[in-house]
Amino acid sequence: MTAPDEIAIKKLTLKLKAYVLEKFKEANIDYCLTCGMCASGCPATGLEGLDPRKFLRLLALGQDDELLSTNWIYACTICGRCKHACPMGIDVGRIVYLLRGLRPLEDRPKSLQKSCELQKTSCSTGISNEDFVWVVNDVLEETCQNEPDWAELKAPIDKKGAEYYLNQNAKEPTVEPEEMVPLWKILHTVGIDWTYSSKWWDGANYCMFTGDAKDWEYTLRKQVETIEELCCRYYINTE
Amino acid sequence: MYYVVSEGLRRFNIPHTFEFLSIINLYARWIREGRLVVDSSWNKEGLRFTVQDPCKLVRQGIGDSVADDLRFVVKKVVGEENFVDVWPNKSNNYCCGGGGGALQSGFVKNRRHYGRTKFDQFAATGADVVITPCHNCHSQVLDICKEFGGKWQTTHLWNWIEKALVR
């Protein structure tokens with residue numbers, strides 16, 4: 001009888017597990033029952049040879065090198081369906097998020113990181129705040145001129161004391177500005193007092209997905225400051 | 001993305017005085033209050049509609065109540081008989097596959113493989129129109145529809161509210 005292959009003990013550093021538990025105290029990694037509910041309901045199962053269950057096993061068993069190099073962390077969309085299915089409520093997506101944050105900047109998906117870097121200056125697509133204001137005013141003027149029924153339509157920007165603050169996904173002013181108009185018409189019909197802001201107006205925020213909490217926090221704090229300065233009672237999210 | 005704000009405010013403990021709301025809940029409230037009047041009689045040909053439940057708004061955001069409001073609004077706007085739901089749905093729905101930065105990350109093959117689940121789910125409804133009240137979902141659903149030869153039209157919600165609007 002031959003001895004079983006030696007387990008690579010040296011690989012079992014469990015450093016990542018300790019890191020995850022330090023950053024996310026309720027990670028409950030050891031609660032995993034290995035039942036596979038997560039994997040069977042995950043559209044990313046099988047991609048890059050992994051699934052949520054295997055991912056969690058690698059973490060629990062200290063396979064840090066494999067976890068630090070796998071691109072499964074970008075196949076997972078951090079959608080939370082595995083947590084929803086998990087009898088122990090383990091939030092695999094949040095662990096994926098933490099591992100994304102450990103990826104060195106130069107090894108991260110470039111467009112994703114760029115969307116966040118742009119967000120820190122103006123918005124996720126990179127159009128300037130001046131362009132945003134110009135596009136809103138231009139589309140509004142055109143609509144008021146071309147559609148007599150909507151001659152009174154408004155799209156206020158930086159209106160202090162407006163009851164409602166409205167964010168705007170950067171995609172519309174960047175590539176399909178006419179898509180802003182239906183919502184303006186709805187708000188006009190309902191008759192609410194609303195405003196955009198001329199800075200930190202973007203409703204998207206890819207800094208939530210790079211894995212750097214500081215970028216997410218920075219961009220959100222800037223937006224919150226802007227809304228507080230405008231003294232709006234409600235913040236409407238458009239998606 | 002709803003969750004980026006709702007979870008960010010909580011996780012980073014950011015002081016604020018405003019109340020954070022979803023436009024979907026507001027549409028539903030305004031329709032119920034009679035402030036937003038819509039009429040589905042424009043849909044004479046019986047265009048059939050289904051919806052995507054954005055993960056960041058529904059499962060990770062407000063939960064089933066906003067998914068219910070989304071369906072309430074769509075039914076009012078297109079006619080109740082013209083709405084066909086997906087399965088699974090609401091908080092148990094599948095992600096479109098474009099979320100979490102997947103549309104930006106560049107792993108296109110993986111993203112489309114993921115999106116195949118969503119494609120099959122929509123195809124099974126036989127809907128003519130898929131309403132996606134999230135920009136990420138919108139881009140991904142457009143892409144998988146084209147990639148896998150879907151027949152539906154992918155749109156935002158506000159276009160149909162505008163169409164049904166009574167002033």
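Biologist: What radius of gyration does chain B have, and what would a compact globule of 167 residues have?

Modeller: The radius is taken over C-alpha atoms, and the globule rule is 2.2 Å times the number of residues to the power 0.38. For 167 residues that gives near 15 Å; chain B has 16 Å, which agrees. The C-alpha atoms of chain B fill a box of roughly 45 × 40 × 25 Å along the principal axes. This is a predicted model: local features need pLDDT of at least 70, side-chain atom pairs count only at pLDDT 80 or more, and totals for chains, interfaces and linings use all residues. Residues are numbered from 1 along each chain as its sequence is written, with chains lettered from A and ligands numbered from 1 in the order in which they are written.

Biologist: Which residues of helix α8 in chain A are buried?

Modeller: Buried means 20 or more other C-beta atoms within 10 Å of the residue's own, with C-beta atoms placed from the backbone. Helices are DSSP runs of H or I, at least four residues, numbered from the N terminus. In α8(A), residues 110-119, the buried ones are L112(A), Q113(A), S115(A), C116(A) and Q119(A). They fall within an arc of 155° seen down the axis, so they line one face of the helix. The arc is that of the directions from the helix axis to the C-beta atoms.

Biologist: How many bridges join β3(A) and β1(B)?

Modeller: Strands are DSSP runs of E, at least two residues, and two strands pair if DSSP finds at least two bridges between them. β3(A) and β1(B), residues 19-22, pair in the parallel sense over 4 bridges. Y235(A) stands opposite F20(B).

Methods: A residue is buried if 20 or more other C-beta atoms lie within 10 Å of its own, exposed if 12 or fewer, and partly exposed in between; C-beta atoms are placed from the backbone.
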